[in-house]
Amino acid sequence: MKKILLILSLFTLVTLAACHKEDEAIGIIGGADGPTAIFVAKDGEKMGYEIITPEKAKEIMESGEEYVLLDVREKDEYDSGHIPGALLLPYGKIEEEANELIPDKSTQILVYCRSGRRSKIAAASLSGLGYTNVKEFGGINDWKYDIE
C-alpha cells in the first residue's frame, strides 16, 4: 500500500511540476504515508504559512503582541494537557469553524498539535481560507514550557 501511495504521490508531483507556470511555486506537506497536502502559489503570493520554533512562539506570547493560540489536536488530547490560553480547534474542523472562531483574517495565529504533522495541515488550511498571519510551531511534544 505504501508503494502505491508513494508512486501516486510522485506521479502527482511530476504532473504538477510539468504543468505549472514559471511564476508558480509548488509546496508539499508530507505525512508518514506520503503527501497530505499539495499547494500551488503564484509569484508574489505568500505561500502558506510561516514555520517558527517553539522558542519563537513563546517569545511572541510573552511580547504583548496580539495572537490566537490554536491547539489542533482532538478534545481528549487537549483535555489531557495543553498550552495555557490555547483554543481547541481540531484540524479536521478548521474549514467549517475557523471563520466563526477567528473572523479577522489578519489575526496572528500560532498553531500546534502533538508532533507537528497536524499543525502543518491546519496552518495550510488556515492559509487557504485567507488567513495571512499564520505561524506553525510544531507539537506540544517539543514544548518546554508550562502546560495546563
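Which residue forms a salt bridge with E59? Hold on to that one for a moment, everyone, and let me introduce the structure first.

What you have in front of you is a predicted model. The protein chain has 148 residues, and 38% of them count as buried. Its secondary structure comes to five helices and seven strands. If you walk along from the N terminus, the elements go α-β-β-β-α-β-α-β-α-β-α-β. Now take the contacts between residues at least 6 apart in sequence: 60% of these join residues at least 24 apart. As for the outside, the accessible surface of the chain is about 8700 Å², and carbon and sulfur atoms account for 54% of that.

Let's go inside next. In soluble globular proteins, nonpolar side chains tend to be buried together. Here, the largest nonpolar core has 17 residues, and L70, I109, L126 and V134 are those with the most contacts inside it. Which elements give two or more residues to this core? They are β4, at 68-71, α4, at 94-101, β6, at 109-113, and α5, at 117-128. Helix α5 gives the most, with four residues. There is also another core lying apart from this one, with 13 residues, including L69, I83, L110 and Y112.

Now please find helix α2, residues 54-63, because I'd like to spend some time there. Its buried residues are P54, A57, I60 and M61. Looking down the axis of α2, you would see these buried residues fall within an arc of 115°, so they line one face of the helix. And what do they pack against? The buried residues of α2 pack against β4, β6 and β7, the last of these being residues 134-139. Just after α2 comes G64, which takes a positive phi of about 95°.

That brings us back to my opening question. The partner of E59 is K56, and the closest N and O atoms of this salt bridge are 3.3 Å apart. Both residues lie in helix α2, three residues apart, which is about one turn of the helix. In general, an α-helix has 3.6 residues a turn, so residues three or four places apart point the same way. Both partners are partly exposed: E59 has a relative accessible area of 48%, and K56 has one of 35%.

How many salt bridges does the structure hold? Eight, and I'd like to show you another two of them.

One of them also starts from α2. E55 forms a salt bridge with K144, with their closest N and O atoms 3.1 Å apart. E55 is in helix α2 while K144 is in the segment after β7, so this pair ties together parts that are 89 residues apart in sequence. Is K144 buried or exposed? K144 is exposed, at a relative accessible area of 64%, whereas E55 is partly exposed, at 34%.

The other one pairs K120 with E136, and here the closest N and O atoms are 3.5 Å apart. This pair links distant parts of the chain, with K120 in helix α5 and E136 in strand β7, 16 residues apart. K120 is partly exposed, with a relative accessible area of 27%. E136, on the other hand, counts as buried, at 1% relative accessibility.

So, to recap helix α2: one face is lined by its buried residues, E59 and K56 pair up within the helix, and E55 reaches K144 in the segment after β7. Thanks for listening!

How values were computed: Residues are numbered from 1 along each chain as its sequence is written. This is a predicted model: local features need pLDDT of at least 70, side-chain atom pairs count only at pLDDT 80 or more; totals for chains, interfaces and linings use all residues. Side-chain values use heavy atoms; hydrogens and water are left out. A nonpolar core is a set of buried Ala, Val, Leu, Ile, Met, Phe, Trp, Tyr and Cys residues joined through side-chain atoms within 4.5 Å. Buried means under 20% relative accessible area, exposed over 50%, partly exposed in between (1.4 Å probe, protein chains only). The arc is that of the directions from the helix axis to the C-beta atoms. Contact means heavy atoms within 4.5 Å. Accessible areas come from the Shrake-Rupley method with a 1.4 Å probe; for residues, only the protein chains shown count as cover. A salt bridge is a side-chain nitrogen of Lys or Arg within 4 Å of a carboxyl oxygen of Asp or Glu.
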